[in-house]
Amino acid sequence: MAYTVSQTLTHLQDAGEFAANTANNWSDVITSDNEAGYFIAVTENSIAEGAAQRDITVSMVALEQAPEENKTDSGCYERQDGETSVKVTLLDQNGKEVASNVAEYPA
């Protein structure tokens, strides 16, 4: 089966009145079309010191009731100086990479 993963970066500064103190905070909504019976969960969200690309890993976890399309959120994270993009990698239940996607931060 071929898998896809996509992402939508959200600048939390634009998220409402309580966002005033979140000038550099972001969230990433990740969507996959993995097979039914699995949901996706963020298992890593990191960036190497001085790197330009954040790495987020999502893994498929077995759950009989899970639908084919799944969404998860990275949670709030602080964008680092010089960080220009986010790479999301989807792993199957065996830890094998099955899809990836890179998104650039909006200007």
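**Why it is called that: a chat about this model**

Modeller: By the distance rule for opposite charges, the count comes to 1 salt bridge. Keep in mind that this is a predicted model.

Colleague: Which side chains meet in that salt bridge?

Modeller: Those of E83 and R54, with 2.8 Å from N to O.

Colleague: What makes the contact between E83 and R54 a salt bridge?

Modeller: The rule asks for a side-chain nitrogen of Lys or Arg within 4 Å of a carboxyl oxygen of Asp or Glu. The N to O distance for E83 and R54 is 2.8 Å, so the pair meets the 4 Å limit. In general, side chains of opposite charge can pair when their charged atoms come close.

Colleague: Where in the chain do E83 and R54 lie?

Modeller: E83 sits in the loop between β6 (77–78) and β7, while R54 belongs to strand β4. The two are 29 residues apart, and the pair links distant parts of the chain.

Colleague: Are E83 and R54 buried or exposed?

Modeller: Buried means under 20% relative accessible area. E83 has 1%, so E83 is buried. R54 has 4%, so R54 counts as buried too.

Colleague: Let's turn to the rings. How many aromatic pairs are there?

Modeller: The count comes to 1 aromatic pair. The rings belong to W26 and Y105, with their centres 4.8 Å apart and their planes at 70°.

Colleague: Why is the pair of W26 and Y105 called edge-to-face?

Modeller: Two tests apply. Centres must lie within 6.5 Å, and W26 and Y105 have theirs 4.8 Å apart. Planes over 60 degrees apart count as edge-to-face, and the angle here is 70°, so the name fits.

Colleague: What does the pair of W26 and Y105 tie together?

Modeller: W26 lies in strand β2 (residues 25–32) and Y105 in the segment after β8 (97–104), so the pair ties together parts that are 79 residues apart in sequence. Both W26 and Y105 are buried.

Colleague: Which residue lies over the face of Y105?

Modeller: R79 does, at 3.9 Å from the ring centre. The distance limit for a charge over a ring is 6 Å, and R79 at 3.9 Å meets that limit.

Colleague: Now to the strands. Why is β2 described as largely enclosed?

Modeller: Because 7 of the 8 residues of β2 are buried, the rest of the structure largely encloses this strand.

Colleague: Which strands pair with β2?

Modeller: Strand β1 (residues 5–11) pairs with β2 in the antiparallel sense over 7 bridges, and there L9 stands opposite D28. Strand β5 (residues 70–73) pairs with β2 in the antiparallel sense over 4 bridges, with T31 opposite K71. β6 and β2 are antiparallel as well, over 2 bridges, and N25 has E78 as its bridge partner.

Colleague: How do you know that β2 and β6 count as paired?

Modeller: Pairing needs at least two bridges. β2 and β6 have 2 bridges, so they reach that number.

Colleague: What is the surrounding of β7 like?

Modeller: Strand β7 (residues 85–91) is mostly covered, with 6 of its 7 residues buried. Strand β4 (residues 53–62) runs parallel to β7 and is joined to it by 7 bridges; T57 is matched with T89 there. β8 runs antiparallel to β7, also with 7 bridges, and S85 has E104 as its partner.

Colleague: Which residue in the turn between β7 and β8 has a positive phi?

Modeller: G95, with a phi of about 85°. β7 and β8 form a hairpin with 5 residues between them.

Colleague: Last, the surface. Why is F39 called partly exposed?

Modeller: Partly exposed lies between buried, under 20%, and exposed, over 50%. F39 has a relative accessible area of 30%, so it falls in between. F39 is part of strand β3 (residues 38–46). Together with V61 and L63, F39 forms a nonpolar surface patch of about 200 Å² accessible area.

Colleague: What makes Q65 exposed?

Modeller: Its relative accessible area is 63%, and exposed means over 50%, so Q65 passes the cut-off. Q65 lies in the loop between β4 and β5.

Colleague: And why does Y3 count as buried?

Modeller: Y3 has 15% relative accessibility, which is under the 20% limit, so the word buried applies. Y3 lies in the segment before β1.

Methods: Residues are numbered from 1 along each chain as its sequence is written. This is a predicted model: local features need pLDDT of at least 70, side-chain atom pairs count only at pLDDT 80 or more; totals for chains, interfaces and linings use all residues. Side-chain values use heavy atoms; hydrogens and water are left out. Patches are made of residues with over 30% relative accessible area and no salt bridge: like charges are joined within 9 Å, nonpolar side chains (Val, Leu, Ile, Met, Phe, Trp, Tyr) within 5 Å. Accessible areas come from the Shrake-Rupley method with a 1.4 Å probe; for residues, only the protein chains shown count as cover. Buried means under 20% relative accessible area, exposed over 50%, partly exposed in between (1.4 Å probe, protein chains only). Rings of Phe, Tyr and Trp (its six-membered ring) pair if their centres lie within 6.5 Å; planes under 30 degrees apart count as stacked, over 60 as edge-to-face and the rest as tilted. A charge sits over a ring if NZ of Lys or CZ of Arg is within 6 Å of the ring centre and within 35 degrees of the ring normal.
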